[in-house]
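Biologist: Could you take me through one part of this model in some detail? I'd like to start from a single residue in the core and work outwards.

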Amino acid sequence: MTRDTPTTPQTFGTLPDGRAVTAHTLTAPSGLSLCVLDLGATVQSLHVPGPAGSTTNVALGFPDAGGYAEHADTFMGAVVGRYANRIGGARFRLDGEVVELGANEGGNTLHGGPDGFHRRTWQVLEARADALVLELVSPDGDQGFPGELTLRASYAVADDGVVLDLEARTDAPTVVGPASHAYFNLAGEGSGTVDDHLLTVEADHYLPVGPGSLPLGGPAEVAGTPFDFTAPAVLGDRVRAAHPQVAAVRGVDHSFHLRGAGLRRAARVEDPASGRWMELHTDQPALQVYTGNSLDAVAVGTGGRRYRQGDGIALEPQRHPDSPNRPELSDPVLRPGELYRSRTQWRFGHR
């Protein structure tokens, strides 16, 4: 099979509303393989090469369509939007007008609202052995957001990793900030917590949060706090630290203000036991680090084990939370004629 050969989607199941879900598997010569669903443009599994030709699934996911319907509030592996993270009060002001949104986390809008993009069936525009392009058209007024938005998600695999490109256009001024909500466990899906993983984040500042996990103010220095990941730190030590910000969210669920601009390394995760590591590169200004604090042993993953608190880590490149109300944090506005673009790279290796 050449890399340009079209792939055939596999049946993945049916949702309670009758929609069929299909899966596409992309492969690289190294043995790396990525399974993406048309539901939510979701990363369902990601097998990465290890020693002696072995591969390990390092992405959390569910074994069938029913799992994604029943546990949609985990946002497992999906591209979330229109706007990732939280918008305070489920409203914002745009060009002098108040925009009212659907609230789905207390009084706030989280990851796009009650019927976010993770619940939608995306159209497959292109499917090859090593690449997949999906598109979603979000109509004017969808979840309250103005303008018809066309969002495209393009996955491509290589021997050492995956690239995800997101592009969006609108026909009226709106805010946009989609992100991948993939969860990783480098010891292997279903292997337990990521407590022993080492995390590095290329950020000297983070956003402390208050009620509703909204930013309290501007960026604060990570130095002297459990949020200092400027050098490799053991995750288990940090999510159990005696610090009010850790207690507020039962771990880490905070936005980090990344150094630099353009495509650059944002984070590195390593599993010392297996020697496996992942580097995340992005061109976004912020990285939300979420340590799976709400996984509650209800959802059963692809390997047949229940996901418990801390069984995976989500690293979400994005705009800062509540930026539609806090434009000084990052500019979220997209206007007609403009193109929103973001790139996420997951690079893998092992000792």
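Modeller: Happy to! Keep in mind that this is a predicted model. Let's begin with F348: beyond its neighbours within four places in sequence, F348 is in contact with L32, L46, V48, V58, D160, G161, F184, L186, W277 and M278. F348 belongs to the largest nonpolar core, a set of 59 residues. Along with L46, Y155, L199, F256, L315 and W346, F348 is among the residues with the most contacts inside that core. Strand β13, covering residues 149–158, gives the most to this core, with five residues. There is also a second, separate core of 18 residues, which includes V21, M76, A299 and Y307.

From F256 we can step into a sheet. F256 has L287 in β25 as its bridge partner. Strands β22 (residues 253–258) and β25 (residues 286–290) run antiparallel and are joined by five bridges. Both sit in an open sheet of six strands, paired antiparallel in the order β17-β26-β25-β22-β19-β20. At its edges stand β17 (183–184) and β20 (220–221); each has a single partner strand, so one side of each is left without a neighbour in the sheet.

β25 also takes us to the largest pocket, since this strand and α3 (244–249) each supply at least two residues of its lining. That pocket has a volume of about 450 Å³. Its lining counts 26 residues, and D73, T74, Y183, Y290 and S294 are the closest to the centre. By type, the lining divides into ten nonpolar, nine polar and seven charged residues.

How values were computed. Residues numbered from 1 in each chain as written. Predicted model: local features only at pLDDT ≥ 70, side-chain atom pairs only at ≥ 80, totals over all residues. Heavy atoms only, no water. Pairing = 2+ DSSP bridges. Helix = DSSP H or I, 4+ residues; strand = E, 2+ residues; numbered from the N terminus. Core = buried A, V, L, I, M, F, W, Y, C linked by side-chain atoms within 4.5 Å. Buried < 20%, exposed > 50% of the residue type's maximum accessible area, 1.4 Å probe, protein only. Contact = heavy atoms within 4.5 Å. 1 Å grid on protein atoms, 1.4 Å probe; cavity = no way out; pocket = protein on both sides within 12 Å on 5 of 7 lines; lining within 4 Å. Points joined across faces, edges and corners; volume = space filled by probe spheres on them. Nonpolar A, V, L, I, M, F, W, Y, C, P; charged D, E, K, R; others polar.
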